[in-house]
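Reader: I would like a close look at one part of this protein. Please take the helical stretch toward the end of the chain, with its packing and its charged pairs, and then set it against the rest.

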Amino acid sequence: MQSITHENDLDAFLHTAELAGTEFKAEKLNVTVITSESQNPFLLSPEKEREILESFETNKSKLTIPRRPKWDKNTTASELQQAEREGFLNWRRGLAQLEENNGLLLTPYERNLEIWRQLWRVVERSDLIVQIVDARNPLIFRSEDLERYVKENGEEKKNLLLINKADMLTVNQRMQWADYFQKHNIEYVFFSAKIEKDYQELEKEKEKLLKERLEQTQKARNEIEEEEIAENSINQVIEEEIKKTEHALEDMHLKNEEELKVPKIARIYSAEDLVTLLLEKCPFSKHSPDKQIIGLVGYPNVGKSSTINAVTGAKKVAVGSTPGKTKHFQTINLSSSVVLCDCPGLVFPSFATTQAEMVCNGILPVDQLREYTGPVGLLCRHIPREVLEAFYGIRIKIRDEGEEGYVPRPPTSEEFLCPYAINRGFTKSVQGNPDEARAARYVLKDYTSGKLLYCHPPPDVDVQEFNKENFDISRYIKDRAKFEKFTQQTEKIKKETMKAVCIYI
């Protein structure tokens, strides 16, 4: 089973014909395919973008997800599958008409019926559906229609929005999002799978070192000669490692204590607190009164599997940075009465200004990217020029800067990628020109991973003011010092390798 979020015109036609059970004959014709302006993969002007965003708000209620057809014990498997295909085809037609009639651009969404079947099963089994979203842009990952569909399957079922990667938000930013969610009656919780993972790894490392010290001490004591010297020399290195681990754990405990001072509405929950909250929110199942089944749903790469691993405290689910790691829904027993149900990552239909927006939000994989100028151009709009220069240690020259009538503007993708590629030594093998495509992949991965941090604000909140703390250049200069040290070490290894090769030749 493979996730399908994007199809070319021919694939879409063949897939639709297959769903409809239609046979056709192909004839060779002189056909010219014209791409409409609304499907332009490049960036829009600010005026056009504002206009499109207004139309998004007007048509937001028309964004739906496919429903599973009604069935009973008399329905055969073939009849149900046929009804599912017909319903799925009608849903796709409805989205296509919405896009065409209103001149809107929809994000790439899941086009494989089997993936949606996994979602239907998770919703039907679960008593609480937890939508996991990325804290940097919660609204684009939230599906309002999914919440409606959950209620259609049972009024007793509950919804919860889990904002993962909340450590990327400042306290002030979390407070503003908390106000927005409370205003719109959205049940939510802030969480960070990364913090929990780091904490659990440090605890395991400490236990491992203590066990190793005990073993080495016992071994040293078994030696008759030079017992004291052997014991001290063996334990010295281990003691240093234990101290480092303990210091790291102390730092994390201090951060946790500081987090407890944050108002509860904007607090990042620990794994234990999150489990407690899930059990409070989750009703007991009608079918199994002694069990609570919690379904986890979300876009690929928002940290769904990492959240499960953090909650269970052990690696129960495969985790990967490539969107779509989980292929089938999985059940994980949290306890004898609590079951987690993990749904495959689903790209829900949503409105988008351009495909560049989807790349920057981490929904479309960077490694499969063909057109890079749009996403990098959008990155340059989001991240100030000064921050890019401080973080990468480059000088970005804007062509018309200094000329008469110059209006300040963000750099283009070419103006940014050229000095970056030259600085890193990325050149094309034939012409020797800067390899902008390769440079774009590195830069976009920095952006999607949060090294270059940009957070979308709630509606009607100023973007620059919301990201004021993120754009503090001093935090990037510190990171830059680490990067320069790493670069120097890498260059040293390269020179030594080249020298060895030359001697060998």
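Author: What follows starts with a pair of packed helices and moves outward from there.

This is a predicted model. The protein averages a pLDDT of 78. Of its residues, 70% score at least 70.

Start with helix H13, residues 373-382, and helix H15, residues 413-424. The two pack at an angle of about 95 degrees. Their axes lie 8 Å apart. Angles of 65 to 115 degrees count as roughly perpendicular, so H13 and H15 are roughly perpendicular to each other.

Which residues of H13 and H15 meet? H13 brings Thr373, Val376, Gly377, Leu379 and Cys380. H15 brings Ser413, Phe416 and Leu417. The residues of this contact divide into 5 nonpolar, 3 polar and no charged.

Charged residues do appear elsewhere in H15. Glu415, in helix H15, pairs with Arg399, in the loop between H14 and H15. Their side chains meet in a salt bridge, 3.2 Å from N to O. The pair links distant parts of the chain, 16 residues apart. Is Glu415 buried or exposed? Glu415 is buried, because its relative accessible area is 5% and the cut-off for buried is under 20%.

The loop between H14 and H15 also holds Glu401. The side chain of Glu401 meets that of Arg385 in a salt bridge, at 3.1 Å from N to O. Arg385 sits in helix H14, residues 385-392. This pair, too, is 16 residues apart and links distant parts of the chain. Arg385 is buried, at a relative accessible area of 14%. Glu401 is partly exposed, at 36%.

Now step along to Lys451. Lys451 lies in the loop between helix H16 (436-449) and helix H17 (463-466). Lys451 is exposed, with a relative accessible area of 52%. Leaving out residues up to four places away in sequence, Lys451 touches Phe391, Asp446 and Tyr476. Lys451 and Met168 are 283 residues apart along the chain. Their C-alpha atoms are separated by 9.7 Å.

Take care just past this region. In the protein, confidence is lowest in helix H18, residues 473-504, at a mean of 58. Strand E2, residues 158-164, has the highest confidence, at 95. Residues 31-41 stay under a pLDDT of 50. For residues 31-41 the model has 10 contacts beyond four places in sequence. Where pLDDT is low, predicted coordinates should not be read in detail.

Next, the rest of the chain. Helix H11 covers residues 304-312. How many of the 9 residues of H11 are buried? The count is 7, so H11 is largely enclosed by the rest of the structure. The buried residues of H11 are Lys304, Ser305, Thr307, Ile308, Asn309, Ala310 and Val311. Gly313 comes just after H11 and takes a positive phi of about 80 degrees.

Finally, back to charge. The structure holds 22 salt bridges. One of them joins the side chains of Arg136 and Asp134, at 2.9 Å from N to O. Arg136 is buried, at a relative accessible area of 10%. Asp134 is buried as well, at 2%.

To recap the part you asked about: H13 and H15 are roughly perpendicular, and their contact holds no charged residues. The loop between H14 and H15 supplies Glu401 to a salt bridge with Arg385 of H14. That loop also supplies Arg399 to a salt bridge with Glu415 of H15.

Definitions and conventions: Residues numbered from 1 in each chain as written. Heavy atoms only, no water. Axes fitted to C-alpha atoms, helices over the stretch in contact; angles between N-to-C directions. Helix = DSSP H or I, 4+ residues; strand = E, 2+ residues; numbered from the N terminus. Parallel < 35°, antiparallel > 145°, perpendicular 65-115°, else oblique. Contact = heavy atoms within 4.5 Å. Nonpolar A, V, L, I, M, F, W, Y, C, P; charged D, E, K, R; others polar. Buried < 20%, exposed > 50% of the residue type's maximum accessible area, 1.4 Å probe, protein only. Salt bridge = Lys/Arg side-chain N within 4 Å of Asp/Glu carboxyl O. pLDDT = per-residue confidence, 0-100.
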